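Reader: I should like to understand how this structure is put together. Could you take me through it step by step?

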Amino acid sequence: MSADPSTMTAELRHPPRWWQARSDGARLLHLGGGLVIAMLVLVPFADLSVTSRDPWQELGRMLTGLASPAPGALESPLHALILTIAFALWGTLLGALIGLPLALVYSRSRLLRGICAGLRAVHELFWALLLLQVFGLSAATALAAITIPYAATFAKVYAEILEQLPQAPLKALPWASSRAMRFVYAELPMAWRRMASYTRYRFECGLRASVLLGFVGLPTLGFYLESAFREGRYAEAGALLWIFYLLIATLPWWGHRRVLPVLAIASLWWLGPWPDISPTLLWRFISHDIWPAPLVNASFESLTSGELATGLLQWASHLPDLLPAIGNTLLLGLLGTAGSLLIAMLLWPLASRHVGNRLSQHSTNGLLIFLRTTPELILAFILLLLLGPSLLPAWLALALHNGAIIAFLCARHANQIQLPPSRPQGKFECWLYELNPRVAPGMFALLLYRAETIIRETAILGMLGVVTLGFHIDSSFEYLMFDQAFALLVLTAILNIGVDSLARRLRPSGEISEDSCVR
Amino acid sequence: MTQETPSPLLHLSQDHLGHGAEVVLRDLDIRLLPGERIALLGASGAGKSTLLEALRAALQQRDVAAAWCPQRQGLVPQLSVYHNIFMGRLDQHSRLTNLLNLLRPKPAHWQAVATLCEPLGIAGLMERSVEALSGGQRQRVAIARALYQGHDLFLGDEPVASVDPHQASQLIQLIHARHATSVVALHQRELALTHFTRVIGLGKQADGQGHVLLDVATDGLTPGDLDFLYPAAATRESSDVS
């Protein structure tokens with residue numbers, strides 16, 4: 001034990017260089033550092049100018065509206081409220097029911113992963129825009145717009161939760177146990193709490209999505225919110241925002257697991273209207289309207305004569321200039337992800353019981369509720385009115401909204417950690433050495449999961465005039481150019497799948513075994 | 001051995017100890033003298049951990065610093081072995097040092113930890129995450145963290161439970177070489193007789209309450225003398241554990 005430094009091997013005498021460190025913590029450090037450096041390098045290429053003339057006056061008017069809401073001026077707030085809940089509840093429920101069985105085969109089927117990635121890659125709003133052409137402004141459009149991407153998301157996330165379960169109970173089962181029995185006896189009991197809490201969280205997202213569906217004309221809260229904002233009736237907009245905040249804040253009470261089934265059945269009464277679907281129109285839309293004309297009219301002769309190729313090229317030449325849109329989408333995605341990381345790292349300690357004091361916990365929790373409850377589109381909309389059209393309001397909205405979601409989940413995780421009695425004395429040290437290492441893998445897993453969501457959200461920010469791919473999709477729908485809209489949707493989906501697979505590769509893997517490390 | 005009794009580091013006298021309403025041990029009167037090597041013995045559930053926690057709390061009240069090696073090792077699975085050991089001295093460095101150490105360890109700290117790790121046989125693992133280690137290796141990391149604290153007094157709750165008897169003996173020797181006084185819960189009674197000066201045996205009396213059943217010097221004690229601390233498994237074990 002009398003180890004003399006001079007006789008030590010070099011490895012023991014010197015710590016590893018920081019880029020050579022191999023522990024999991026060091027890998028996360030490299031990942032986070034890399035993201036932030038990439039952000040700093042790319043910021044000069046983004047258009048972050050403030051172009052509005054008098055942002056403060058507008059902000060003042062908005063805050064006045066929020067401070068003195070006028071609920072009496074609203075037309076039919078109760079009906080909008082019930083529809084918002086019903087769409088979210090049934091959309092999430094159907095999504096979970098479809099997603100659960102898919103999760104069991106998710107990690108084994110490349111095809112399923114591909115299909116799910118494709119379905120997930122299209123934002124709820126764009127699903128609504130697409131389905132609107134077939135089902136009209138109906139409950140079917142709203143439900144399918146939420147159910148389709150959510151089923152794909154549930155399949156992925158449930159599968160990831162199952163992947164992260166401790167393997168010992170599974171290996172202890174008899175060899176011949178079937179997949180279903182393994183799931184029912186070993187995986188479901190272990191995963192239930194995480195799956196249930198994720199589903200609950202997803203329902204909250206569903207409420208936000210349901211509000212956003214109002215932006216395409218479905219009569220949810222968002223419909224009235226958008227028109228009130230656009231027409232500058234800020235007192236009404238304030239009232240609607242307050243209704244929405246109250247809805248989310250009281251979720252623990254009315255969203256109790258015993259109340260939800262009752263609510264689900266009762267809300268069926270209001271769910272509607274149901275569309276008259278004309279099969280011929282539906283078929284025409286699927287087989288004809290959404291495809292480029294040269295492809296629809298293609299025949300064997302046109303293929304061999306090269307007519308098809310020239311026709312497609314000609315069709316493609318009418319597309320808007322996509323390179324800047326793709327560049328902006330990726331740039332905004334990266335900036336949003338790195339920004340979310342910074343916001344999350346800053347805010348979760350303040351909201352956790354081990355680090356924050358009572359004041360910081362309450363005020364941070366209030367801020368987090370505000371930021372994660374307000375749909376990013378509305379956040380961006382407000383910031384856009386304040387700062388003018390550039391990437392800046394979109395970046396801020398993405399970073400604040402997603403960062404707040406991650407910070408909230410991290411703080412909750414941190415609050416569940418029982419620190420050992422031998423923990424360090426100072427709060428700073430506790431955060432640095434006990435909490436951060438335990439929370440960080442989950443935080444990065446969330447962040448890289450959100451990276452895909454962020455890319456998807458950059459698209460809907462296009463609806464506000466930020467020139468991302470979504471901007472061109474929105475305007476294509478507006479001009480009834482369904483073939484172009486659909487092609488751009490597919491392009492957006494491919495872009496998202498690329499980002500998703502990159503994020504999947506970077507995501508910290510490996511089960512976190514806490515067995516000897518719990519207390 | 002000096003003739004005059006040195007003043008005790010601690011005199012723990014309490015009529016009951018427990019968690020909340022549940023009483024684990026009754027009628028305690030334990031003196032801890034400097035230089036003693038005390039082995040805590042008893043069947044599982046007899047109250048060894050409870051007694052150690054109480055000793056630790058009492059020592060803390062008197063500002064007597066003690067190295068502490070808990071049963072569940074309290075390691076951070078995601079951090080490297082080096083960082084887990086370094087955590088033993090977080091309170092002795094500035095915030096900035098602690099922060100920078102996560103990013104880039106100082107050679108001096110690295111060497112100090114390496115010096116501790118060499119005799120424990122984990123020097124080659126210093127960069128590895130604790131979650132990648134075996135149970136025995138984790139136990140060594142927990143011991144290294146306790147050693148790194150550099151106190152005179154060592155409190156350990158089964159610090160050698162998951163290594164083989166030969167290694168356990170080596171680890172106890174290492175712990176003793178670096179601490180003047182030690183109180184260690186064990187379940188290998190041979191170790192207690194060969195490496196410790198005093199044995200405190202815990203168990204249940206006829207009234208069903210936990211008591212100190214034995215508190216003697218190890219001189220002349222045989223393993224057979226300790227048998228009564230471990231009642232025959234089939235009849236009593238289940239009721240003892242509950």
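**Domains, cores and contact**

Reader: How far apart do the C-alpha centres of domain 2 and domain 3 of chain A lie?

Author: This is a predicted model. Chain A is divided into domain 1 (32-54 + 316-506), domain 2 (69-277) and domain 3 (279-308). Between the C-alpha centres of domain 2 and domain 3 of chain A, the distance is 35 Å.

Reader: Which helix of chain A gives the most residues to the largest nonpolar core?

Author: The largest nonpolar core has 142 residues, and A128(A), A155(A), L240(A) and A344(A) are among those that touch the most other members. The element of chain A that gives the most to this core, with 18 residues, is helix 21 (residues 391-416).

Reader: From which domains of chain A does this core draw at least three residues each?

Author: A407(A) and C410(A) are also among the residues of this core that touch the most other members. At least three residues come from each of two domains of chain A, namely domain 1 (32-54 + 316-506) and domain 2 (69-277).

Reader: Which helix of chain B gives the most to the side that touches chain A?

Author: The contact takes 36 residues from chain B and 34 residues from chain A. On the side of chain B, helix 3 (95-103), helix 4 (107-120) and helix 5 (135-148) each supply at least two residues. With seven residues, the one that gives the most is helix 4 of chain B.

Reader: How many residues of the side of chain B that touches chain A are nonpolar?

Author: This side includes nine polar and nine charged residues. Its nonpolar residues number 18.

Definitions and conventions
Residues are numbered from 1 along each chain as its sequence is written. Chains are lettered from A and ligands numbered from 1 in the order in which they are written. This is a predicted model: local features need pLDDT of at least 70, side-chain atom pairs count only at pLDDT 80 or more; totals for chains, interfaces and linings use all residues. A nonpolar core is a set of buried Ala, Val, Leu, Ile, Met, Phe, Trp, Tyr and Cys residues joined through C-beta atoms within 7 Å. A residue is buried if 20 or more other C-beta atoms lie within 10 Å of its own, exposed if 12 or fewer, and partly exposed in between; C-beta atoms are placed from the backbone. Helices (H or I, at least four residues) and strands (E, at least two) are DSSP runs, numbered from the N terminus. Domain bounds come from an automatic or database domain assignment. Two residues are in contact if their C-beta atoms, placed from the backbone, lie within 7 Å. Ala, Val, Leu, Ile, Met, Phe, Trp, Tyr, Cys and Pro count as nonpolar, Asp, Glu, Lys and Arg as charged, and the others, Gly among them, as polar.
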